[in-house]
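Q: Could you take a close look at one part of this structure and walk me through it step by step? I am new to reading models like this, so please connect each piece to the next.

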Amino acid sequence: MDDVDAGGDVRDLDRRLLAVLHGYGADPRVALAARALSRAGEHGALWLAAGLAGAAADRERRGAWLRGTALTAGAHLAGIGVKRLVRRPRPVHVEPRVRTAGRHSFPSSHASAAVAAAVAYGALRAPRAPLLGSLVAPLAAAMCVSRLVAGVHYPSDVAAGAALGAATARLGVRWMTGTAASTASTSATRVAPAAPAAAGGGYG
């Protein structure tokens, strides 16, 4: 019984927080910004474009930027996959301010892609694209909030999407930056000279 009550309390808190954040959209400027961010983040478009821009600006690490872009796309697709499994309906107690690509709410794929981009591109520290590096994290946060102001996600949807995006990017950071391959190469180089010595030792 306590578990049922706790679940009801969490859902009630989710609804109340959404109502408060959605209320900020009564300001036309806030509503306009929320709509613009939501539309820019549809299908992860803003973040994929940012990754490609980083690849163009930072040619020495183009491969890393492209892998970071792939991680961001992967986080977005993972969010869509979980959404189809959970099938949580979108909020109905607030008026949506944007159209959505689907009917399901949990997790927010916008948040998944946004946070994955913030983690992945942040790891690259973009010395040749400083503006891109400084804008990604605050834009990602604004993107997450925009989905609540727009009234199309519960806070728990956004939190879960952000966690999924962060986990996806963090799991792939070594692959993205090439440190895993570099470590394997270094290990192979260290092991290789030991083989002749071991062989020679057998004849002593």
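A: Let's start with Asp 157, which lies in helix α7. Keep in mind as we go that this model is predicted. Is Asp 157 buried or exposed? Its relative accessibility is 0%, so Asp 157 counts as buried; the cut-off for that word is a relative accessible area under 20%.

What does Asp 157 touch, once residues up to four places away in sequence are set aside? The list is Arg 88, Ser 105, Phe 106, Pro 107 and Ser 108. You can also compare its position with that of Arg 147: the two residues are 10 apart along the chain, and their C-alpha atoms are separated by 9.6 Å.

Now widen the view to the helix that carries Asp 157. Helix α7 covers residues 155-177, 23 residues in total. From its first C-alpha to its last it reaches 32 Å, close to the 33 Å expected at 1.5 Å a residue. Where does α7 bend? Look at Leu 171, where the helix bends by about 40 degrees. Asp 157 has company among the buried residues of α7, which include Pro 155, Val 158, Gly 161, Ala 162, Gly 165 and Ala 166. Further along, Thr 168, Ala 169, Gly 172, Val 173 and Met 176 are also among them. After the helix comes Gly 178, which has a positive phi, near 85 degrees.

Let's return to the partners of Asp 157, with Pro 107 being one of them. Pro 107 sits in the loop between α4 and α5. The peptide bond leading from Phe 106 to Pro 107 is cis, and its omega is near -5 degrees. Both Phe 106 and Pro 107 are touched by Asp 157, so you can find this cis bond by starting from the buried Asp 157.

The loop between α4 and α5 also holds Arg 87. Arg 87 follows α4 and has a positive phi, near 60 degrees, in a residue other than glycine. With 47% relative accessibility, Arg 87 counts as partly exposed. For another case, go to His 43, in the loop between α2 (28-40) and α3 (45-57). The phi of His 43 is also positive and near 60 degrees, again in a residue other than glycine. His 43 counts as exposed, because its relative accessibility is 53% and the word applies over 50%.

From the loop, step into the helices on its two sides. Ser 109 lies in helix α5. Its relative accessible area is 4%, so Ser 109 is buried. Leaving out neighbours within four places in sequence, Ser 109 is in contact with His 76, Gly 79, Ile 80 and Lys 83.

Those four residues take part in the contact that α4 makes with α5. Two packed helices are described by the angle between their axes and the distance between the axes. The axes of α4 (residues 62-86) and α5 (residues 109-124) come within 8 Å and cross at roughly 160 degrees. Angles over 145 degrees count as roughly antiparallel, and α4 and α5 are therefore roughly antiparallel to each other. The crossing of α4 past α5 is right-handed. On the α4 side the contact includes Ala 64, Trp 65, Gly 68 and Thr 69, while the α5 side includes Ser 112, Ala 113, Ala 116 and Tyr 121.

Helix α4 has a second partner to look at. The axes of α3 and α4 also come within 8 Å, crossing at roughly 175 degrees. These two helices are therefore roughly antiparallel as well. Among the residues making this contact are Trp 47, Leu 48 and Gly 51 of α3, together with Arg 62, Trp 65 and Leu 66 of α4. As for α4 itself, its 25 residues should span 36 Å at 1.5 Å a residue, and its end C-alpha atoms are 36 Å apart, which agrees. Its buried residues include Trp 65, Thr 69, Thr 72, His 76 and Lys 83.

Finally, step back to the chain. Its secondary structure comes to 9 helices and 0 strands. Of its 204 residues, 37% are buried. Among contacts with a separation of 6 or more, 81% are between residues 24 or more positions apart.

Methods:
Residues numbered from 1 in each chain as written. Predicted model: local features only at pLDDT ≥ 70, side-chain atom pairs only at ≥ 80, totals over all residues. Heavy atoms only, no water. Expected span 1.5 Å × (residues − 1). Bend = angle between axes of the 7 residues up to and from the residue. Buried < 20%, exposed > 50% of the residue type's maximum accessible area, 1.4 Å probe, protein only. Axes fitted to C-alpha atoms, helices over the stretch in contact; angles between N-to-C directions. Parallel < 35°, antiparallel > 145°, perpendicular 65-115°, else oblique. Left-handed = near helix turned anticlockwise from the far one by under 90°. Contact = heavy atoms within 4.5 Å.
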